[in-house]
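Please examine the structure shown below with attention to its charged and polar side chains. The paragraphs that follow lead from one such side chain to its surroundings.

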Amino acid sequence: MKAIILDRDGIINKCMPPHQYVTKLSEIEYLEENIVLFSKIRKDIPIFIVTNQAGIAKKKFKNQDFYLLHKILKKKLQIDDIYFNDVKYCLHHPKAIIKEYKKNCKCRKPGNKMLLDLIKEWDINLKKSFMIGDRTHDKLCAKKTKVKFYFAKPNFNNQI
């Protein structure tokens, strides 16, 4: 199957201080033009999210906060008929405060385990798929996986 793989922060929502780590719904500033586009795309192409969430490892928020945020985000986006087929996230970081999450892992971008897991679980055809992100580690992750990559541009609608 063909698919679009997205980073979350910087693509679905703004990611800038003071909300470097989005921990609650009140901190989300949606990139509305992208949301509109996702509702159009979703009818034809499955959409997946891969996101680093080091804030968990750094005790900025908890796992359950992440799950609650995504549950609320999912409900909000369903109003616009937007559904993500799957969300993969990495909570590890080499400078983590929580000991069990302090490591260099293969899932944390630029590692590509999150993508490899999606490809295996969803039978994604890499030649027909692409990834969009806003940072160099997103690009490196895509390159390791051999999937096309695009940096999100201000005119995201034309880019897609």
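A polar contact is a pair of N or O atoms within 3.5 Å, of which, within protein, one must be able to donate a hydrogen and the other to accept it. The model to which this term is applied here is a predicted one.

Consider Arg108, which is placed in the loop between strand S3 (86–90) and helix H4 (113–122). What does the side chain of Arg108 reach? At 3.4 Å from this side chain lies the backbone oxygen of His92. Arg108 is buried, yet no salt bridge is formed by this residue. Asp7 is the nearest side chain of opposite charge, and it is 9.6 Å away. A salt bridge requires a side-chain nitrogen of Lys or Arg within 4 Å of a carboxyl oxygen of Asp or Glu, so a separation of 9.6 Å does not qualify. When neighbours within four places in sequence are left aside, the contacts of Arg108 are with Asn52, Ala54, Cys90, His92, His93 and Pro94.

One of these contacts, Asn52, belongs to strand S2 (residues 47–52). Asn52 has a relative accessible area of 14% and is therefore buried. The side chain of Asn52 reaches the backbone nitrogen of Lys109 at 2.9 Å. Beyond residues up to four places away in sequence, Asn52 touches several others, including Cys107, Lys109, Met114 and His137.

Lys109 leads to the charged pairs. Side chains of opposite charge can pair when their charged atoms come close. Which side chains meet that of Lys109 in a salt bridge? One partner is Asp7, with an N to O distance of 2.8 Å. This pair links distant parts of the chain, since Lys109 is in the loop between S3 and H4 while Asp7 is in the loop between S1 and helix H1 (32–41), 102 residues apart. Another partner is Asp138, and here the closest N and O atoms are 2.7 Å apart. Because Lys109 lies in the loop between S3 and H4 and Asp138 in helix H5, this pair ties together parts that are 29 residues apart in sequence. Asp7, Lys109 and Asp138 are thus linked in a network of salt bridges.

Are the members of this network buried or exposed? Lys109 has a relative accessibility of 3% and so counts as buried. Asp7, at 6% relative accessibility, also counts as buried, and Asp138 is buried as well. In the model as a whole, the count of salt bridges comes to seven.

Helix H4 follows the loop that holds Arg108. Within H4, Met114, Leu115, Leu118 and Ile119 are buried. Seen down the helix axis, the buried residues of H4 fall within an arc of 135°, and therefore they line one face of the helix. They pack against strand S1 (4–6), S2, S3, strand S4 (130–133) and helix H5 (136–145).

H4 also carries a salt bridge, formed by Lys113 and Asp117, with the closest N and O atoms 2.9 Å apart. Lys113 and Asp117 are separated by about one helical turn, because they are four residues apart in helix H4. Lys113 is partly exposed, with a relative accessible area of 38%, and Asp117 is likewise partly exposed, with a value of 24%. Just after H4, Asp123 takes a positive phi of about 50°.

Terms used:
Residues numbered from 1 in each chain as written. Predicted model: local features only at pLDDT ≥ 70, side-chain atom pairs only at ≥ 80, totals over all residues. Heavy atoms only, no water. Helix = DSSP H or I, 4+ residues; strand = E, 2+ residues; numbered from the N terminus. Buried < 20%, exposed > 50% of the residue type's maximum accessible area, 1.4 Å probe, protein only. Lys, Arg positive; Asp, Glu negative; His and termini not counted. Contact = heavy atoms within 4.5 Å. Arc of directions from axis to C-beta.
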